[in-house]
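Visitor: Could you take me on a close look at the aromatic pairs here? I'd like to know where they sit and how their rings are arranged.

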Amino acid sequence: MEPVFSQQLQMQAYATLSSNDVLPMETLLSHLFSPQEPQKSQAYSLLHCCRKHFPDLLFIKVFFVIRNGPSAEIRTRSA
């Protein structure tokens with residue numbers, strides 16, 4: 001059974017992926033690798049929502065962060 005994502009989560013996913021700034025994507029990536037479980041769980045939900053509803057935007061944004069991320073750590077996490 002496929003997960004159903006709320007309209008609010010879909011809007012948050014779109015806002016993260018369509019932003020001209022890398023900060024929302026950096027935040028998502030840092031939360032994915034966070035030791036705190038609530039942040040990690042929310043980040044995974046957002047990532048899965050991005051993958052389901054906006055796969056092309058996700059690819060473009062990840063590629064953008066890999067190429068233009070401000071730190072080597074962020075670029076590595078994106079890859």
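Guide: Let's start with the fold, so the rings have a home: the protein chain has five helices and zero strands, running α-α-α-α-α from the N terminus. Keep in mind that this is a predicted model. The chain's 79 residues would give a radius of gyration near 12 Å as a compact globule, and the chain's 12 Å agrees with that. Of the contacts between residues at least 6 apart in sequence, 65% join residues at least 24 apart.

Now for the rings: the structure holds two aromatic pairs. One of them is Tyr14 with Phe54, a tilted pair at 5.5 Å centre to centre, with 50° between the planes. Tyr14 sits in helix H1 (residues 7-18), while Phe54 is in the loop between helix H3 (37-53) and helix H4 (55-68), so this pair ties together parts 40 residues apart in sequence. As for cover, Tyr14 counts as partly exposed because its relative accessibility is 44%.

Then there's Phe59 with Phe63, and here the rings are stacked: 6.4 Å centre to centre, 15° between the planes. These two phenylalanines are four residues apart in helix H4, so about one helical turn separates them. Phe59 is exposed, with a relative accessible area of 60%, and Phe63 counts as partly exposed at 48% relative accessibility. For the chain as a whole, 32% of the 79 residues count as buried, and 56% of the roughly 5400 Å² of accessible surface belongs to carbon and sulfur atoms.

Technical notes. Residues numbered from 1 in each chain as written. Predicted model: local features only at pLDDT ≥ 70, side-chain atom pairs only at ≥ 80, totals over all residues. Heavy atoms only, no water. Rg over C-alpha atoms; globule rule 2.2 N^0.38 Å. Buried < 20%, exposed > 50% of the residue type's maximum accessible area, 1.4 Å probe, protein only. Contact = heavy atoms within 4.5 Å. Areas by Shrake-Rupley, 256 points an atom, 1.4 Å probe, with all protein chains shown as cover. Phe/Tyr/Trp six-rings, centres within 6.5 Å; stacked < 30°, edge-to-face > 60°.
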